[in-house]
Amino acid sequence: MPTVHLLDYVAGNVRSLVNAINKVGYDVEWVKNPEDLKNADKLILPGVGHFGHCLSQLSEGGYLEPIKKHIDSGKPFMGICVGLQALFEGSEEDPDVPGLGLIQKRMSKFDDSAKSVPHIGWNSAMNTSVGPLGAQSFCGLSPDSKYYYVHSYAAFYTPGVLEKDGWSVATATYGEEEFIGAIAKGNIFATQFHPEKSGQAGLRTIRAFLDGDQMQSPTPDTSVSREKKYGLTRRVIACLDVRTNDSGDLVVTKGDQYDVREKDGVNSGGQVRNLGKPVDMAKKYYEQGADEVTFLNITSFRNCPVADTPMLEILRRASETVFVPLTIGGGIKDTIDPDGTCISALDVATMYFKSGADKVSIGSDAVIAAEQYYEAGEKLSGKTAIETISRAYGNQAVVVSVDPKRVYVNGPEDTKHHTIRTQYPNSSGQSFCWYQCTIKGGREARDLDVWQLAKAVEAMGAGELLLNCIDKDGSNSGFDLELINDVKTAIKIPVIASSGAGNPGHFAEVFERTTTDAALGAGMFHRGEYTVSDVKDYLSGQGFLVRKPETDI
């Protein structure tokens, strides 16, 4: 196969990018030192996380000047996410670290006064129609496609400015802010979105760049208005609880209030409920249009060396066929291997990222870290898993999964915790409650409420909150809307609604009645009652903007 050179400087999940490049017919040759760039024809610079960290890594490794020379020579260059940001003068994220300066503009942070930040999800890449390519698209971009973005800083768009310098620009809008989603000029093509995580639409852009097929003339679908067609879609996430069954095989399971064993009518619990194989089910949900796939390891393989954890192989195999973001949860903590070797949470996360994960989800350890945060007078230690991983890979790489449950009280004065007045009093007539955090899969309650947890992990650097609800888990009665709305008022980072989804109407309800950023389903998909496509078709019929899967690259 023809080759493309890929520069990896600990840029998070590059396995999926390699798989995507292979998928479109190219092989990867790694750039291991600056000298290798002399032999590179096509060069791709991926990047995730902190602008200053990434650019500093490139500078310290001696890569910046060779990258400039590669671009100046006219050889094809593609930048992804921070790889796009590197083309600019610099970023508000780290004002003291310069970019390559090919574009005289700086990156700025999204306004979080009226929307969640980071900007996470599927958005458009619309040609501005005033560049050198006119109304044509470039590098396989289509105005009818959606692409996966995850970033807090962006290059905000001013009509006509970059076009005067010969750049072709495609933009997206988040809230009221329009920013650059992709940019091209001569031998340069760069995307703020992650094409390797953008399904078939993303694969198409990678192939177009590698094939040198810059200019295309798509025929956009004008059947609906721009307002209804373009912009950030509603995210639907498929979640797979993965554990070993009694025979030692990895299976996807699901339970009621976290009890995953079959009921045989005689004993309290039978065999672990087996709903399918993780890799096969992940591929199925991807093909149905899932915007993300989450694996929650609920066994943690406690007696297994970390480097041999079966979840690593699941990620490797899933990332070969699933080109949307993959999240892995369970066991992301400081660990001691059976041989006594100490492995940090950051090292554990790095193994998962190298195996194909885009995000890691931290559960019980986040609750413990939040308790220590408040015990220290709301001071950061810098040593928690959340802090170390987000510092290295960016806050968008860290999800905190919380399992709260309702505790009813007569009134706010009866507890020190943050309460809400609920529309659903308990059998004793109590109409106030607070949400108590739990650990160990809901088995142990802590003296910490969900508001405290949310604020603490946001301060530590978490990028998203996966908001479960023990009271709703397995109920098929819909999401806890009161919990979601309450938590959304506490934090700026995105919230994923989880627990309780039983039919497509529940997804419409949570998007209509809360400001949640995404919604997650599990059992209703695993049991075959509804598909991801069913949910998206229903949402679309109710007027919600959703991404539909594409089948041709």
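Colleague: Which residue with positive phi follows H2?
Modeller: This is a predicted model. In this model, helix H2 covers residues 51-60. The residue that follows H2 has a phi near 80 degrees, and that residue is Gly-62.

Colleague: How wide an arc around the axis do the buried residues of H2 cover?
Modeller: Start with the names: Phe-51, Gly-52, Cys-54, Leu-55 and Leu-58 are buried in H2. They sit on the same side of H2, because their arc around the axis is only 165 degrees. An α-helix has 3.6 residues a turn, so residues three or four places apart point the same way. The arc asked for is 165 degrees.

Colleague: Which strands and helices do the buried residues of H2 pack against?
Modeller: The helices are H3 (64-72) and H4 (82-85). The strands are E1 (3-7), E3 (43-45) and E5 (88-91). So the buried side of H2 packs against E1, E3, H3, H4 and E5.

Colleague: What is the strand order of the open sheet of eight strands?
Modeller: The pairing in this sheet is mixed. Strand E2 (27-31) and strand E8 (126-127) are at the edges, so each has a single partner strand and one side without a neighbour in the sheet. The order is E2-E1-E3-E4-E14-E13-E12-E8.

Colleague: Which residue in E12 stands opposite Asn-127?
Modeller: E8 pairs with strand E12, which covers residues 168-174. Their pairing is antiparallel, over two bridges. Opposite Asn-127 stands Ala-170.

Colleague: At about what angle does H3 run to E4?
Modeller: Two helices can be placed on strands here. Helix H1 (residues 15-23) lies across E1, E2, E3 and E4 (77-80), at about 140 degrees to E2. H3 lies across E1, E3, E4 and strand E14 (188-191). Its angle to E4 is about 130 degrees.

Colleague: How many residues apart are Glu-177 and Lys-115?
Modeller: The two form a salt bridge, with the closest N and O atoms 2.6 Å apart. Glu-177 is in strand E13 (residues 177-185), while Lys-115 is in the loop between strand E6 (103-109) and strand E7 (119-123). The pair links distant parts of the chain, and the separation is 62 residues.

Colleague: Is Lys-115 buried or exposed?
Modeller: Buried means under 20% relative accessible area. Its partner Glu-177 has 19%, so Glu-177 is buried. Lys-115 has 16%, so Lys-115 is buried.

Colleague: What is the relative accessibility of Asp-291?
Modeller: Asp-291 forms a salt bridge with Arg-547, with 2.9 Å between the closest N and O atoms. Asp-291 is in the loop between helix H8 (278-288) and strand E18 (292-297), and Arg-547 is in the segment after helix H17 (532-541). Arg-547 counts as buried at 6%. Asp-291 counts as buried too, at 0%.

Colleague: Which residue meets Lys-548 in a salt bridge?
Modeller: The N to O distance is 3.3 Å. Lys-548 lies in the segment after H17 and its partner in helix H17, so the bridge ties parts 11 residues apart in sequence. Lys-548 is partly exposed at 40%, and the partner is partly exposed at 44%. That partner is Asp-537.

Colleague: How many salt bridges does the count come to?
Modeller: Some salt bridges join into a network. One such network links Arg-235, Glu-292, Lys-359 and Glu-464. The count for the model comes to 23.

Methods. Residues numbered from 1 in each chain as written. Predicted model: local features only at pLDDT ≥ 70, side-chain atom pairs only at ≥ 80, totals over all residues. Heavy atoms only, no water. Buried < 20%, exposed > 50% of the residue type's maximum accessible area, 1.4 Å probe, protein only. Helix = DSSP H or I, 4+ residues; strand = E, 2+ residues; numbered from the N terminus. Arc of directions from axis to C-beta. Contact = heavy atoms within 4.5 Å. Salt bridge = Lys/Arg side-chain N within 4 Å of Asp/Glu carboxyl O. Pairing = 2+ DSSP bridges. Axes fitted to C-alpha atoms, helices over the stretch in contact; angles between N-to-C directions.
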